[in-house]
Amino acid sequence: MIPRPMTCEGNKYYGHAQVLRNYMGVAEPVPIRGRIQHGWTAGPAIEYDRLVEANEPVYVWADKWKQYAYHEDGNRPLNQDRVFSIGAPFLYKPLLSQGRKKQLVGFPHHGMLDKNVVVESMRSYAKHIKEMGRGLGLVPLVCLHFRDYKNVEILAAVSTEDVEPVWCGNFGDSMFLDRFERITSGASLVTSNVVSTAIFYAAFLGTPVTVSGPMTPTVLVDRDDNLVGNREWISDNYPELLSVCENPVDLGKRELGFEHVKSKEELLGLLYGKDEV
């Protein structure tokens, strides 16, 4: 029996914990010890919480996020012996077989500011996707964050632009990543108005990617959140995304931490402890 560690609800996001358990062959839903980075970010990937305070392990996608592993006061680095690079959980998921689709899939940056502002910005983004799809001869889809998808006014705003709204599911949905793959793998183009997790997942799948379209207001107004949509910052850091990146697999591998993917045995040792498995 594997002992039960401190529970981190964030590890369930996007079905990450389930994907990793499937890969390791762990049948029972035993919580993974520590905290897993749940998305790509331009800045810190791990929030300070009780698990970090208790010196539980921290799992980041790649070494570049280790530099952001700090205590709450922002000055004391965490014990680097407790920070491990394992690659994105998406890399541990069996890939689905997908045919080619003449589709353009847009991922607007989600936001929860004033409702009217968000609705209008989503309408503007959907209009951009419609016009972009028309110019490329592609069927336009907009994939919404689950909160935006459940907002009837946002759904109506997107739909009135003759763009099909889709979603990948709720935060804790174990099928989230499979739905993402079904929507994006084989599409002609995936775009977002920011550098984002969706861009790099699609890139890894070999789908052409680009950053385009008007920004969506967001409740996250810190420096890192603003950077990802700043075209000057993108030009300095990801210039290939300001036009269509036709061969994006290496970019996806780099940003998802492909070089850090572990074997089943290595991952079991990290996530559950060698002595307990």
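Which residue follows α10, and is its phi positive or negative? In this predicted model, the residue after α10 is Gly257, and its phi is positive, near 75°. That makes a handy starting point for a walk back through the helix itself.

Helix α10 spans residues 249-256, and within it Leu251, Gly252, Glu255 and Leu256 are buried. Viewed down the axis of α10, these buried residues fall within an arc of 115°, so they line one face of the helix. The partner of these buried residues is α7 (197-204), against which they pack.

One of the buried residues of α10, Glu255, also takes part in a salt bridge. Its partner is Lys64, and the closest N and O atoms of the pair are 2.6 Å apart. Lys64 sits in the loop between β2 (58-60) and β3 (83-85), whereas Glu255 belongs to helix α10, so the pair ties together parts that are 191 residues apart in sequence. The two partners can also be described by their accessibility: Lys64 is partly exposed, with a relative accessible area of 33%, while Glu255 is buried at 3%. Arg254 joins the picture here too, as Lys64, Arg254 and Glu255 are linked in a network of salt bridges.

Across the whole structure, the search finds 7 salt bridges. As a general point, side chains of opposite charge can pair when their charged atoms come close. Another of these pairs is formed by the side chains of Lys93 and Glu181, which meet at 2.3 Å, N to O. Lys93 lies in the loop between β3 and β4 (101-107) and Glu181 in helix α6 (residues 176-184), so this salt bridge ties together parts that are 88 residues apart in sequence. Lys93 is buried, with a relative accessible area of 8%, and Glu181 is buried as well, with a value of 1%.

A further salt bridge lies within a helix. Glu120 pairs with Arg123, their closest N and O atoms being 3.1 Å apart. Both residues belong to helix α3 (residues 115-136), where they are 3 residues apart and thus separated by about one helical turn. Glu120 is partly exposed, with a relative accessible area of 44%, and Arg123 is partly exposed too, at 27%.

To return to the opening helix, α10 has a buried face that packs against α7, a salt bridge from Glu255 to Lys64, and Gly257 following it.

Notes:
Residues numbered from 1 in each chain as written. Predicted model: local features only at pLDDT ≥ 70, side-chain atom pairs only at ≥ 80, totals over all residues. Heavy atoms only, no water. Buried < 20%, exposed > 50% of the residue type's maximum accessible area, 1.4 Å probe, protein only. Helix = DSSP H or I, 4+ residues; strand = E, 2+ residues; numbered from the N terminus. Arc of directions from axis to C-beta. Contact = heavy atoms within 4.5 Å. Salt bridge = Lys/Arg side-chain N within 4 Å of Asp/Glu carboxyl O.
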